[in-house]
Amino acid sequence: MSNRLRSFEDRRGRIITDTDASHEELLARIGRDYYLHNHSKVGIARRFGISRFQVARYLEEARALGIVRIDIRFPASVAGLDPQQLAVELGVERLRISPTGADDRSTREAMARSAAEELMAAAFDGATLGVSWSRTLDLAAGYVTDLPPCEIVQLAGALPVPGSGNSLELIQSLGRLDGVETWPLWAPLVVENAATAQSLRRQPEIGETLAQANTLDAAIVAVGAWQPGLSTVWDRVDNRLRLEAARAGAVAECSGRLLDAAGHPVVSELDERVLAVTIAQLQHTPRVVAVARGAARVEAVRAVLAAGFVTTLLVDEELAAALSGGAPA
């Protein structure tokens, strides 16, 4: 079988290939490369000579036909969990639980799809939506297929991560949708010192974007824990600042803003060096979706919930089980 398959859509929208291999074999090969070999959609598209959007459609078709079967085994503690009851106990309007996959990628992909659905559900004609960045939200942008005419505000400066995109790329991706206008934040998330941050905030294109966070109708943010490997910001600052923030009580990080266990903002040097939405701005946003995964972030999620701005919580099964183990009465 050739490594490149030329393809086109017939009048019914079906993909037709011009090779001797069956269409089902093509679906199986693409499913194998994506789910078993962890190849990216872009890489698969390049290999087979099709678009990444066609790859996404093929994967959906493979699942629908039973060529790809995904076996989800719920932990016993999650199988009997009532999301509505846990939402009440945690003090949020909605709790959404995504499956914890066999590996990091599959977990992120499942959560990304759910995050995209939440963003699309929050949008309405003329809305102002705020979007932060994380690896999961970066993936979610690829699953946002349609938005009404609205404005999207970048809530955190760029923080490039090897092997992933950044907040500026995410906002530009969403800005390609018809009717969507964007407010990009042309600055890094963390700068060298407070003086540099103050200078950047005075730049009109940066200051105006930061000010847009005062009038958000909805926002979607990620939750990190103030520990190594659990926050992308942790890795971008020196050990002195990490320890200073930890001694001040920091347990959670959200768009570069630190919170203690009681949900109070942590005063540290980092707060002066970050270019991002503030906790106060999120607290004035009517609808906020918070995304987090892994039991290691349970304390961080509780801190963010204590801050009082989360209305919808999106977690994976592992984190849901950890939260249910000690939900306040």
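Colleague: What does the accessible surface of the protein come to?
Modeller: About 15600 Å², and 50% of that belongs to carbon and sulfur atoms. Keep in mind that this is a predicted model.

Colleague: Noted! And how many of the residues count as buried, as a percentage?
Modeller: The figure is 48% of the 329 residues.

Colleague: How many helices and strands does the protein have?
Modeller: There are 15 helices and 12 strands.

Colleague: I can see a sheet. In what order do its strands come?
Modeller: The order is 3-12-11-7-4-5-6, seven strands in an open sheet. Their pairing is parallel.

Colleague: Which ones are the edge strands?
Modeller: Strand 3, residues 94-98, and strand 6, residues 180-183. Each of these two pairs on one side only.

Colleague: By how many degrees are neighbouring strands turned against each other?
Modeller: On average by 20 degrees, with direction ignored.

Colleague: Which helices pack on it, then?
Modeller: Helix 10, residues 204-212, is one of them, and it touches strand 5 (150-154) and strand 6. The direction of helix 10 makes about 110 degrees with that of strand 5. Helix 15, residues 317-324, also packs on the sheet, touching strand 3 and strand 12 (312-316). Its angle is taken with strand 12 and is about 115 degrees.

Colleague: Back to the strands for a second. How many bridges join strand 4 to strand 7?
Modeller: Three bridges join strand 4, residues 128-131, to strand 7, residues 218-222. For example, G130 has A219 in strand 7 as its bridge partner.

Colleague: New topic: how many aromatic pairs does a search of the whole structure find?
Modeller: Two. In one of them, the ring centres of Y34 and Y35 lie 4.9 Å apart and the planes stand at 85 degrees.

Colleague: Why is that pair called edge-to-face?
Modeller: Because planes over 60 degrees apart count as edge-to-face, and the planes of Y34 and Y35 are at 85 degrees.

Colleague: Are those two tyrosines buried or exposed?
Modeller: Y34 counts as buried, because its relative accessibility is 3% and the cut-off for buried is under 20%. Y35 has 25% relative accessibility, so Y35 counts as partly exposed.

Colleague: And what about W226 and W234?
Modeller: They form an edge-to-face pair too, with 5.1 Å from centre to centre and 70 degrees between the planes. Both W226 and W234 are buried.

Colleague: Last one: among contacts between residues at least 6 apart in sequence, what percentage join residues at least 24 apart?
Modeller: That comes to 67% of those contacts in the protein.

Key
Residues are numbered from 1 along each chain as its sequence is written. This is a predicted model: local features need pLDDT of at least 70, side-chain atom pairs count only at pLDDT 80 or more; totals for chains, interfaces and linings use all residues. Side-chain values use heavy atoms; hydrogens and water are left out. Two strands pair if DSSP finds at least two bridges between them. Helices (H or I, at least four residues) and strands (E, at least two) are DSSP runs, numbered from the N terminus. Axes are lines fitted to C-alpha atoms, for helices over the stretch in contact, and angles run from 0 to 180 degrees between N-to-C directions. Contact means heavy atoms within 4.5 Å. Buried means under 20% relative accessible area, exposed over 50%, partly exposed in between (1.4 Å probe, protein chains only). Accessible areas come from the Shrake-Rupley method with a 1.4 Å probe; for residues, only the protein chains shown count as cover. Rings of Phe, Tyr and Trp (its six-membered ring) pair if their centres lie within 6.5 Å; planes under 30 degrees apart count as stacked, over 60 as edge-to-face and the rest as tilted.
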